[in-house]
Amino acid sequence: MLGLVLGGGAAKGYAHIGVIKVLDEIGIRPDIIVGASMGSLVGGFYAAGFTGKRMEEIAVQIDKRKKNWLFPIRLNKRGFIDGRRVIKYLTEHLGATRIEDLPLKYAAVATDIENHQELVINRGSLVFAIRSSIAIPVVFTPFEHVGRILTDGGFVNPVPLTVAQDMGADRIIAVNVMPWIDYNRVEMSVQKPSGRDYNLRKVFRVTSDLITSRLIDRELAFLKKGMVIHVDTSGIGLSSFEKARIAIGLGYETAKGKMEELKKI
C-alpha cells in the first residue's frame, strides 16, 4: 500500500496542494494519508475526495481579510486563538464526515500534553481531528477532544512517516515543507565572528528550525521504502495564509522535478 505523509508548516503547508496536483496529473492515488498540523488539514481534504485543483481554488480565496476573520486574536491565558471559526470553516467544506467513512485510511497526529503522548487520531470527526492537530501551542488554545488536551502534532512528529508505515504502508511519499538543516556535531574550534545581530525572533526561529530538523532526521531514519520531497518554502511565513498561490506553486514545481522518481514508486 502507498502512503502519503504530509508534514506540518502552517501556511507553508499550502505547498502540499501543489504536490497533490502533480500526483493527480500522473494518476497516483495513495491508500493511506497521514498528516501533522497543516498536513492533517490538506490530507483531510484530500482523503475526503477533494482534488488538488479544487483545494487550490478554495485556498486562494483566503486573503488578508479572510485570514483575520479565521484567526481573531483575543487575549486568553490558554492561547490567542480559540479556533471556533476554523471549526466553522472546516465544517462548511467537510461537514460531519467521520474518518471511518473515508474511502481510504487517514490519520492526523496530535500531541497529548497531559499524558505526554503522540496521539494518532484515526477515527471520529474529521474536523475535530484536524483542529486537534493544528493547535499550535500559545497561538491556538489546546483542543479538548476524546477526553484529552491536545496541541499541534508537528511539534512531536513533523513528518510522521512511521505512523503511515504502522498503518500498513509499504511505500511512502513524504512531503516536508519546513526548513531542513543538515547539521552535525563538531568539536570546539575558534572562528572569525560573523558580526550578525541575533534578536529574540531570529534566535527562536533558528533554534526551532534546528529542533524540527533533528525530529525530521529521526523519522527519516525509519523510512523503509519510498521518498521524501523537501519543498523550499523559505519565502513563505508561517502565518502568510494569503500567499496560497505562491506556496502551491512551489510545491507543484518541486514535485514536477521528482516526476520520474514518483512514477517508479
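## A walk through a predicted model

Let's start with helix α2 (residues 38–47): ten of its ten residues are buried, so this helix is largely enclosed by the rest of the structure. "Buried" here means under 20% relative accessible area, while exposed means over 50% and partly exposed is in between, with a 1.4 Å probe and protein chains only. Helices like this one are DSSP runs of H or I with at least four residues, strands are runs of E with at least two, and both are numbered from the N terminus. Among the buried residues of α2 are Met 38, Leu 41, Phe 45 and Tyr 46. After the helix comes Gly 49, with a positive phi near 110°.

A quick word on what you're looking at: this is a predicted model, where local features need pLDDT of at least 70 and side-chain atom pairs count only at pLDDT 80 or more, though totals for chains, interfaces and linings use all residues. Residues are numbered from 1 along each chain as its sequence is written, and side-chain values use heavy atoms, with hydrogens and water left out.

Next, two helices that meet. How do α1 and α9 cross? The axes of α1 (residues 15–25) and α9 (residues 244–256) come within 6 Å and cross at roughly 45°. An axis is a line fitted to C-alpha atoms, for helices over the stretch in contact, and angles run from 0 to 180 degrees between N-to-C directions. The two helices are therefore oblique to each other; under 35 degrees would count as roughly parallel, over 145 as roughly antiparallel, and 65 to 115 as roughly perpendicular, with the rest oblique. On the α1 side, the meeting residues include Ile 17, Val 19 and Val 22, and on the α9 side they include Ile 248, Tyr 252 and Ala 255. Contact means heavy atoms within 4.5 Å.

Now for the aromatic rings. The whole structure holds five aromatic pairs. One of them is Phe 71 with Phe 140, an edge-to-face pair at 6.1 Å centre to centre and 85° between the planes. Rings of Phe, Tyr and Trp (its six-membered ring) pair if their centres lie within 6.5 Å; planes under 30 degrees apart are stacked, over 60 edge-to-face, and the rest tilted. This pair links distant parts of the chain, with Phe 71 in the loop between α4 and α5 and Phe 140 in the loop between α6 and β5, 69 residues apart. Phe 140 is buried, at 6% relative accessible area. Tyr 14, Phe 71, Phe 140 and Phe 241 form one aromatic cluster.

Most residues other than glycine have a negative phi. Here are two with a positive one:

| Residue | Phi | Loop | Relative accessibility |
|---|---|---|---|
| Ala 10 | near 50° | between β1 and α1 | 11%, buried |
| His 116 | near 55° | between β3 and β4 | 70%, exposed |

Finally, a pair of threonines. Thr 233 sits in the loop between β8 and α9 and is buried, at 2% relative accessible area. Not counting residues up to four places away in sequence, Thr 233 touches Lys 12, Ala 15, Val 177 and Leu 250. Thr 151 belongs to strand β6 (residues 148–152) and counts as buried at 7% relative accessibility. Leaving aside neighbours within four places in sequence, the contacts of Thr 151 include Ala 110, Ile 113, Ser 132 and Pro 142. That same Ser 132 has its C-alpha atom 24 Å from the C-alpha atom of Thr 233, and the two residues are 101 residues apart along the chain.
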